Amino acid sequence: MIDKTYVTTMARYNAWQNSQLTAIVTKMDHDALIQDRGAFFGSILGTLNHLLWGDRMWLNRFGADVDAPARGDTTKLTPTIAAWSAERFQVDGRTTIWAKGLHNIDLAGDLSWYSGGHDKTLTRPLALCVAHFFNHQTHHRGHVHAMLTAAGQAAPISDLVFMDDNGA
């Protein structure tokens, strides 16, 4: 389904996208970041927090050097954009390290984990879970992109084909 090249490419893409978002949101007023914009996770900061929460949860499940976040409201992981930015940078680095350390064989087999949302243990193909991890990031960054545009901000370039070889 996927291989190491896909995983390392998507890890670079994720870091590139988050770097562009950070450059925009760190210049925004806190009230603009927490304003409910009618999105699924409410605000720009709420959505960014949910995405960071999910990344930490999945990376922990994948055995990366990332602590699982506390259960609870995923939109409240960090209280400010500065706190989010610092943690986002760290998690993106851990994602890159994890991806580069993979071998194709590591993507074979199943992954089992306890899902608090489903209140049970689930088992799915690991490659599917990794593909979901990256798809989840892209999905919610799309929400942030729409909210930034609605807030009058210049949203980042998000097309994967325009990422250079350095992820910039």
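A nonpolar core, as I will use the phrase this morning, is a set of buried Ala, Val, Leu, Ile, Met, Phe, Trp, Tyr and Cys residues joined through side-chain atoms within 4.5 Å. I begin there since the core is my first topic, and please keep in mind throughout that what we are looking at is a predicted model.

The largest nonpolar core here has 41 residues, and those with the most contacts inside it are Val-7, Val-25, Ile-44, Phe-62, Trp-98 and Val-130. At least two residues of this core come from each of H1, H3, H4, E1 and H5, and H5 is the element that gives the most, with 10 residues. As general background, nonpolar side chains in soluble globular proteins tend to be buried together. To take one member in detail, Val-7 touches Ile-2, Trp-98, Ala-99, Leu-102, Leu-107, Val-130 and Phe-134, once residues up to four places away in sequence are set aside.

Let me turn to helix H4, which covers residues 81-101. With 21 residues at 1.5 Å a residue, this helix should span 30 Å, and its end C-alpha atoms are indeed 30 Å apart, so the expected and modelled lengths agree. Which residues of H4 are buried? They are Ile-81, Trp-84, Ser-85, Glu-87, Arg-88, Val-91, Asp-92, Thr-95, Trp-98 and Ala-99, and the buried residues of this helix pack against helix H1 (4-25), helix H2 (30-34), helix H3 (44-61) and H5.

Trp-98 also brings us to the loop between H3 and H4, where Ala-64 is found, since Ala-64 touches Leu-59 and Trp-98, again not counting residues up to four places away in sequence. Ala-64 has a relative accessible area of 13%, and because buried means under 20%, it counts as buried. Its C-alpha atom is separated by 19 Å from that of Asn-49, which is 15 residues apart from it along the chain.

Helix H5, residues 126-150, holds Gln-137, a residue that is buried with a relative accessible area of 1%. Leaving aside neighbours within four places in sequence, Gln-137 is in contact with Asn-14, Leu-51 and Asp-55.

In helix H1 we find Ile-24, which is buried at a relative accessible area of 14%. Although Ile-24 and Ala-154 are 130 residues apart along the chain, their C-alpha atoms are separated by 7.8 Å. Beyond four places in sequence, Ile-24 touches Leu-148, Gln-153, Ala-154, Ala-155 and Pro-156.

Now for the open space. The largest pocket has a volume of about 330 Å³, and the elements that give two or more residues to its lining are H3, strand E1 (110-115), strand E2 (120-125) and H5. The lining comprises 18 residues, with Trp-53, Met-57, Arg-61, Ser-115 and Gly-117 lying nearest the centre of the pocket. Which element gives the most to this lining? That is H3, with 6 residues. By kind, the lining residues divide into 5 nonpolar, 10 polar and 3 charged.

I will finish in the loop between E1 and E2, where Asp-119 lies. Is Asp-119 buried or exposed? At 58% relative accessibility, Asp-119 counts as exposed, because the cut-off for that word is over 50%. Most residues other than glycine have a negative phi, whereas phi of Asp-119 is near 55 degrees, a positive value in a residue other than glycine.

How values were computed
Residues numbered from 1 in each chain as written. Predicted model: local features only at pLDDT ≥ 70, side-chain atom pairs only at ≥ 80, totals over all residues. Heavy atoms only, no water. Helix = DSSP H or I, 4+ residues; strand = E, 2+ residues; numbered from the N terminus. Buried < 20%, exposed > 50% of the residue type's maximum accessible area, 1.4 Å probe, protein only. Contact = heavy atoms within 4.5 Å. Expected span 1.5 Å × (residues − 1). 1 Å grid on protein atoms, 1.4 Å probe; cavity = no way out; pocket = protein on both sides within 12 Å on 5 of 7 lines; lining within 4 Å. Points joined across faces, edges and corners; volume = space filled by probe spheres on them. Nonpolar A, V, L, I, M, F, W, Y, C, P; charged D, E, K, R; others polar.
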